[in-house]
Amino acid sequence: MRLGLMGELASGIAHEVNQPLTAIVNYTQACLRFIQAEKPDLSKLSSILQKTHDQALKAGQIIHHMREFVRSKKIHRSTADMNALIENAVSLSVTDLKQYNILLTFNLADDLPAIYVDSVQIEQVILNLVRNSIDALKNLPHNKPRKLFIQTLLNDDHFIEVKVKDNGIGLGQSSQKKILTPFYTTKSSGMGMGLSISQSIIKSHDGALYFASKPGKGSTFYFTIPVRRKSDDAQ
Ligand SMILES: Nc1ncnc2c1ncn2[C@@H]1O[C@H](COP(=O)(O)OP(=O)(O)OP(=O)(O)O)[C@@H](O)[C@H]1O
Ligand SMILES: [Mg+2]
């Protein structure tokens with residue numbers, strides 16, 4: 001499964017790195033032209049060099065992100081409580097929630113069985129979903145209440161289901177098709193990796209990640225994790 005994602009990643013990376021590289025080629029050509037002038041405009045030159053520098057950094061970050069992703073994939077499972085993982089993950093976002101005036105409510109089932117997971121990875125997934133919701137909410141008009149809702153429940157098939165719901169900007173049909181693809185982002189500072197990494201983590205835990213969304217109404221992201229099996233105790 002991860003190898004499949006690698007293929008997509010590789011072509012995504014080729015595309016992504018190509019953009020800053022093309023920009024660098026254009027900027028350096030411009031620099032060369034400036035230098036050849038009789039009295040080179042040093043401030044212009046310096047501003048183009050700065051842009052060149054920024055683009056090179058950007059290309060480096062893309063590669064860095066890929067290497068992180070490939071490296072840190074060993075799963076360290078232990079017994080965990082989903083509600084506690086949610087509380088941990090959310091505690092990392094309280095500042096943003098406050099800053100953007102987002103009202104967070106919970107409906108956490110209090111009788112959830114234990115799960116056997118890599119807690120760091122599952123917290124990462126929750127954090128990715130919460131951060132995406134915050135991004136979807138933070139630019140709403142001021143008179144519109146910004147709501148984030150997190151729910152856990154045990155479904156019939158012995159899966160714990162986690163639901164992260166916002167009333168943010170939502171997603172149109174065409175972007176819905178793309179958001180799970182590596183590097184698809186609509187944010188100026190986004191990498192477009194949050195959801196594809198989250199999906200890969202959930203799949204490696206034998207769960208599933210899915211969503212429903214309406215433009216202007218909001219989005220709901222769900223993921224499932226199987227409850228701890230008897231056979232896990234033997235390991
Ligand atoms: N809750 C949401 N509401 C609306 N759009 C969303 C939501 N979650 C994700 N998206 C859309 O899906 C895109 C991809 O999300 P993803 O988390 O993979 O990357 P990102 O948030 O752009 O960057 P990052 O790598 O930092 O997570 C986002 O850019 C956004 O357009
Ligand atoms: Mg994200």
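A backbone N or O atom of L195 lies 2.8 Å from an oxygen atom of ligand 1. On its own, ligand 1 exposes 600 Å², and the protein buries 89% of that area. The model described here is predicted. This briefing covers the surroundings of ligand 1, helix α7, the hairpin of β6 and β7, and the domains.

**Surroundings of ligand 1**

- There are 19 residues around ligand 1, and those that come nearest are T185, T186, K187, M193 and L195.
- The side chain of T186 has an N or O atom at 2.5 Å from an oxygen atom of ligand 1.
- A polar backbone atom of M191 is 3.3 Å from an oxygen atom of ligand 1.
- T185 belongs to the loop between α6 (173–176) and α7.
- The relative accessibility of T185 is 31%. This value places T185 in the partly exposed class, because that class covers the range between under 20%, which is buried, and over 50%, which is exposed.
- T185 and H76 are 109 residues apart along the chain, and their C-alpha atoms are separated by 29 Å.

**Helix α7**

- Helix α7 comprises residues 194–204, and 8 of its 11 residues are buried, so the helix is largely enclosed by the rest of the structure.
- The buried residues in α7 are L195, S196, I197, S198, Q199, S200, I201 and I202.
- L195 thus appears in two settings: L195 is buried within α7, and a backbone N or O atom of L195 lies 2.8 Å from an oxygen atom of ligand 1.
- D206, just after α7, takes a positive phi of about 65°.

**Hairpin of β6 and β7**

- Strands β6 and β7 run antiparallel and are joined by 6 bridges.
- The hairpin has 3 residues between the two strands, and G216 takes a positive phi near 80° there.
- Strand β6 has a covered face made up of L209, F211 and S213. Its uncovered face consists of Y210, A212 and K214.
- The bridge partner of F211 in β7 is F221.

**Aromatic pairs**

- A search of the whole structure finds 2 aromatic pairs.
- Y210 and Y222 form a stacked aromatic pair, with 5.0 Å from centre to centre and 15° between the planes.
- Y210 lies in strand β6 (residues 209–214) and Y222 lies in strand β7 (residues 218–226), so this pair ties together parts that are 12 residues apart in sequence.
- Y210 has a relative accessible area of 36% and is therefore partly exposed.
- The ring centres of F211 and F221 are 5.2 Å apart and the planes stand at 25°, so this pair is stacked as well. The reason is that planes under 30 degrees apart count as stacked.
- F211 in strand β6 and F221 in strand β7 are 10 residues apart, and their pair links distant parts of the chain.
- Both F211 and F221 are buried, whereas Y210 is partly exposed.

**Domains**

- The domain assignment of the protein gives domain 1 (2–71) and domain 2 (78–234).
- The centres of domain 1 and domain 2, taken over C-alpha atoms, are separated by 32 Å.

Notes. Residues numbered from 1 in each chain as written. Chains lettered and ligands numbered in written order. Predicted model: local features only at pLDDT ≥ 70, side-chain atom pairs only at ≥ 80, totals over all residues. Heavy atoms only, no water. Phe/Tyr/Trp six-rings, centres within 6.5 Å; stacked < 30°, edge-to-face > 60°. Helix = DSSP H or I, 4+ residues; strand = E, 2+ residues; numbered from the N terminus. Buried < 20%, exposed > 50% of the residue type's maximum accessible area, 1.4 Å probe, protein only. Pairing = 2+ DSSP bridges. Near = heavy atom within 4 Å. Polar contact = N/O pair within 3.5 Å; in protein donor to acceptor, adjacent residues only side chain to side chain. Areas by Shrake-Rupley, 256 points an atom, 1.4 Å probe, with all protein chains shown as cover. Domains from an automatic or database assignment.
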